[in-house]
Amino acid sequence: MTGATAGPAGTGTDRSVGSPILHVDMDAFFASVTLLERPELRGRPVIIGGGTRGVVLSATYEARAFGVRSAMPLARARRLCPPALVLPPERHRYHEVSTRVMAILRDITPLVAPLSVDEAFLDVSGSRRLFGTPAEIARLIRARVLAEEGLTCSVGVAPTMFVAKIASTRSKPDGLLVVPAGGVLSFLHPLPTSALWGVGQATEAALDRLGLRTIGDIADCPLPTLQRALGQAAGAHLNALAHGRDERAVDPGSTEVSISAEHTLSVDSSDQDALARELLRLSGQVARRLRDRGRVTRTVSIKIRLADFSTLTRARTLREPTDVSQEIYRAALELFHEAGFAGKAVRLVGVRAANLADAGGAGHQLAFDERPVGWSQLDRATDAAGRRFGTGSVGPASLLPRQPRRPESI
Ligand code: DCP
Ligand code: MG
């Protein structure tokens, strides 16, 4: 789907003029970058995955034709697509390409907000004189990414961020879709409810029970009915989106690449329980900073420096993005155990959250209904108490100083 609704350049019929927000997303990013150096594999189903959790990180469109999707367990993907070749991720290459693609985007405007390694929003309102209409800019970006990196991306052009994000998704792969200002509702309303941000399986089912199948159905549903079914905030949020309302602006400042916390122990320690408690504390700090910024992480890593100063990092991609302390801690602890430090004296531990996305926006499909809501609410309550009583006043019980052990009775 290329240039679907944009008129020819320079004719005055370009309907993208009132749609200054672009969402650019690389197609099958990890897989496409890996295939650059394996051209003989082009056209074949290829899956990038691995690690101990064994999930699909990225799959070529040939593999997706078999039903393979990202975040799916690799075992299931292999069953669905026996001819697929599974290759390990090459993260340093992805980051290099990502940095160059983001630089192409920043040539157009400083108003670039990367959402993750392979996608970004741009506000091109101020770029018209230099580069043309939003549709022309989208074509320029796609041409430059192809010429300079040999990769395709898809671009959504719309008046708001969440509509631009949906548009890029609908145009994939190798597509461009312009939603003109006057065409937002006719674009949105026929789409299934699951196309809206935040609508995962449980919300979709709740909407379905109300007889709401499309975004247009949500727009027509009385707000109180929606709020009774989904809660005040979620109901109001979905109602606004279904009417095409999204007040957020592209904010280049909101896009830290990672958030981390580390601590040098006062004395080197090989006590596994003490080290786990330190990981728990650092995971809590990282999660709190994510929540403060309205961000979620998809990749958790740990850093361990031993007494001899040798340093090691281990990373893990999560199935679902998160800002929940316990989920970050669980990943950090698994990485720690897998790294096999038992008995070694550790000098420093660190926890990092990378591959960040926008929690409350048109970022990744963060289904508020598919997560362990209990933990998330607990975290938020802890944040609120921390603000009132000072950080550190509330936290997991295992961070409390341990009771001195009673001598064993003989
Ligand atoms: N990724 C990851 N962990 C996940 C999902 C994705 O590390 N659970 C990585 C691999 C992807 C990259 O992030 O290549 C971008 O994610 P996308 O959701 O944009 O997926 P793709 O770029 O692979 O495919 P698409 O063409 O749908 O954008
Ligand atoms: Mg992508």
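Start with helix α13 (residues 272-293) and helix α14 (residues 325-339) of this predicted model. Their axes lie 8 Å apart and pack at an angle of about 140°. That angle is why α13 counts as oblique to α14. The crossing of the two helices is right-handed. To display the contact, select Leu 275, Ala 276, Leu 279, Leu 280, Ser 283, Gly 284, Val 286 and Ala 287 on α13. On α14, add Ser 325, Ile 328, Tyr 329, Ala 332, Leu 333 and Phe 336. Coloured by class, the contact of α13 with α14 shows 11 nonpolar and 3 polar residues, with no charged ones.

Next, go to helix α1, residues 29-36. Is this helix enclosed or open? Of its 8 residues 7 are buried, so α1 is largely enclosed by the rest of the structure. The buried residues are Phe 29, Phe 30, Ala 31, Ser 32, Val 33, Thr 34 and Leu 35. Show β1 (21-26), β2, β3, β4 and α4 around them, since these are the elements that the buried residues of α1 pack against.

Keep α1 on screen and bring up α4, residues 91-108. The axes of α1 and α4 are 10 Å apart and make an angle of about 100°. The two helices are therefore roughly perpendicular to each other. At their contact, Phe 29, Phe 30 and Val 33 of α1 meet Arg 93, Tyr 94 and Val 97 of α4. By class, this contact has 5 nonpolar residues, 1 charged and no polar.

Now centre on Tyr 94, which sits in α4. Is Tyr 94 buried or exposed? It has 22 C-beta neighbours inside 10 Å, and a residue with 20 or more counts as buried. Leaving out residues up to four places away in sequence, Tyr 94 touches Phe 29, Phe 30, Val 33 and Val 117. For a distance check, pick the C-alpha atoms of Tyr 94 and Ala 31: they are separated by 9.7 Å, although the two residues are 63 apart along the chain.

From α1, move to the strands beside it. β2, β3 and β4 form an open sheet of 3 strands in the order β3-β2-β4, with mixed pairing. β3 (55-59) and β4 (85-87) are at the edges, each with a single partner strand, so one side of each has no neighbour in the sheet. On average, neighbouring strands here are turned by 40° against each other, direction ignored. Select β2 (residues 46-50) with β4 to see a parallel pair joined by 3 bridges. In this pair, Val 46 stands opposite Leu 85 of β4.

The last stop is strand β7, residues 153-158. How many of its residues are buried? The count is 6 of 6, and the strand is mostly covered. In a regular strand, side chains alternate between the two faces of the sheet. Colour Cys 153, Val 155 and Val 157 for one side of β7, then Ser 154, Gly 156 and Ala 158 for the other; both faces are covered.

Finish with the partners of β7. β1 pairs with β7 in the antiparallel sense over 6 bridges, whereas β8 (residues 176-178) pairs with β7 in the parallel sense over 3 bridges. Gly 156 is a useful place to click: His 23 stands opposite Gly 156, and in β8 the bridge partner of Gly 156 is Leu 177.

Conventions
Residues are numbered from 1 along each chain as its sequence is written. Chains are lettered from A and ligands numbered from 1 in the order in which they are written. This is a predicted model: local features need pLDDT of at least 70, side-chain atom pairs count only at pLDDT 80 or more; totals for chains, interfaces and linings use all residues. Axes are lines fitted to C-alpha atoms, for helices over the stretch in contact, and angles run from 0 to 180 degrees between N-to-C directions. Helices (H or I, at least four residues) and strands (E, at least two) are DSSP runs, numbered from the N terminus. Angles under 35 degrees count as roughly parallel, over 145 as roughly antiparallel, 65 to 115 as roughly perpendicular and the rest as oblique. A crossing is left-handed if the near helix is turned anticlockwise from the far one by less than a right angle, and right-handed if clockwise. Two residues are in contact if their C-beta atoms, placed from the backbone, lie within 7 Å. Ala, Val, Leu, Ile, Met, Phe, Trp, Tyr, Cys and Pro count as nonpolar, Asp, Glu, Lys and Arg as charged, and the others, Gly among them, as polar. Two strands pair if DSSP finds at least two bridges between them. A residue is buried if 20 or more other C-beta atoms lie within 10 Å of its own, exposed if 12 or fewer, and partly exposed in between; C-beta atoms are placed from the backbone.
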